[in-house]
Amino acid sequence: MKKHRIFRVDDRLIHGQVIEGWIKYYKLSNTSIVNDKVYADPIQQMIYRSVVPKGVNILISTIKSFENEFLKIKNDDFLVLFESIQDLYTCRKLIDDSIEVNIGCIANRPHKHQISDTVFLDISEIKLLCELREEHNISIKKLPWETSIEILNFNKLLDGNL
């Protein structure tokens, strides 16, 4: 059986769409939240731990400590959740060809460009994704069964041509 190894950027981290659409759909046994704020907040940790399905291991780590924590799950199936493109980029050396990189939801804020109905990026985030895309496939999709929006024309967006 194919293992599903996913790094996903979703500024909401764990929510219904992630639970039903990713964790349950792929029958994932490991979920990680890589986020300094959640790691430092026991109440947020308790909330996130309480919503994952029974039998799913949840690991909450800081961005800095995630590399060592990743060794615990890297050979299994997993969903790793990052709140931002910057956090994903910080952990880029962990990405290999077996990992699907997915951009799920990044909310609209001032100075952001609409990339899809759920993804809004500023110029610095687009530049980071352009760099990551040079070595990795990156897709935008809310749910696993949806057609991916491939990230192809970001350089044109940076040049002001889209």
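**Exercise 1.** Find how many bridges join S2 to strand S3, and name the partner of Val34 in S3.

Solution. This is a predicted model. Start with S3, residues 57–61. S2 and S3 run parallel, joined by 5 bridges. Next, take Val34 of S2: Ser61 is its bridge partner in S3.

**Exercise 2.** Find how S2 and S4 run, and which residue of S4 is the bridge partner of Ser32.

Solution. S2 and S4 run parallel. The number of bridges between S2 and S4 is 4. In S4, Val80 partners Ser32.

**Exercise 3.** Decide whether the faces of S2 are covered or open.

Solution. Buried means under 20% relative accessible area. Take one side: Asn30, Ser32 and Val34 are buried. Take the other: Thr31 and Ile33 are buried. Both faces are therefore covered. With 5 of its 5 residues buried, S2 is largely enclosed by the rest of the structure.

**Exercise 4.** List the buried residues of helix H1 and the elements they pack against.

Solution. H1 spans residues 16–24. Its buried residues are Val18, Ile19, Gly21, Trp22 and Ile23. They pack against strands S1 (5–10), S2 (30–34), S4 (78–82) and S5 (100–105), and against helix H3 (42–51).

**Exercise 5.** Judge whether the protein chain is as compact as a globular protein of its length.

Solution. First, the elements: the chain has 7 helices and 9 strands. Its radius of gyration is 15 Å, close to the 15 Å that the globule rule gives for 162 residues, so the chain is as compact as a globular protein of that length. Then check burial: 51% of the 162 residues count as buried.

Key
Residues are numbered from 1 along each chain as its sequence is written. This is a predicted model: local features need pLDDT of at least 70, side-chain atom pairs count only at pLDDT 80 or more; totals for chains, interfaces and linings use all residues. Side-chain values use heavy atoms; hydrogens and water are left out. Helices (H or I, at least four residues) and strands (E, at least two) are DSSP runs, numbered from the N terminus. The radius of gyration is taken over C-alpha atoms; the globule rule is 2.2 Å times the number of residues to the power 0.38. Buried means under 20% relative accessible area, exposed over 50%, partly exposed in between (1.4 Å probe, protein chains only). Contact means heavy atoms within 4.5 Å. Two strands pair if DSSP finds at least two bridges between them.
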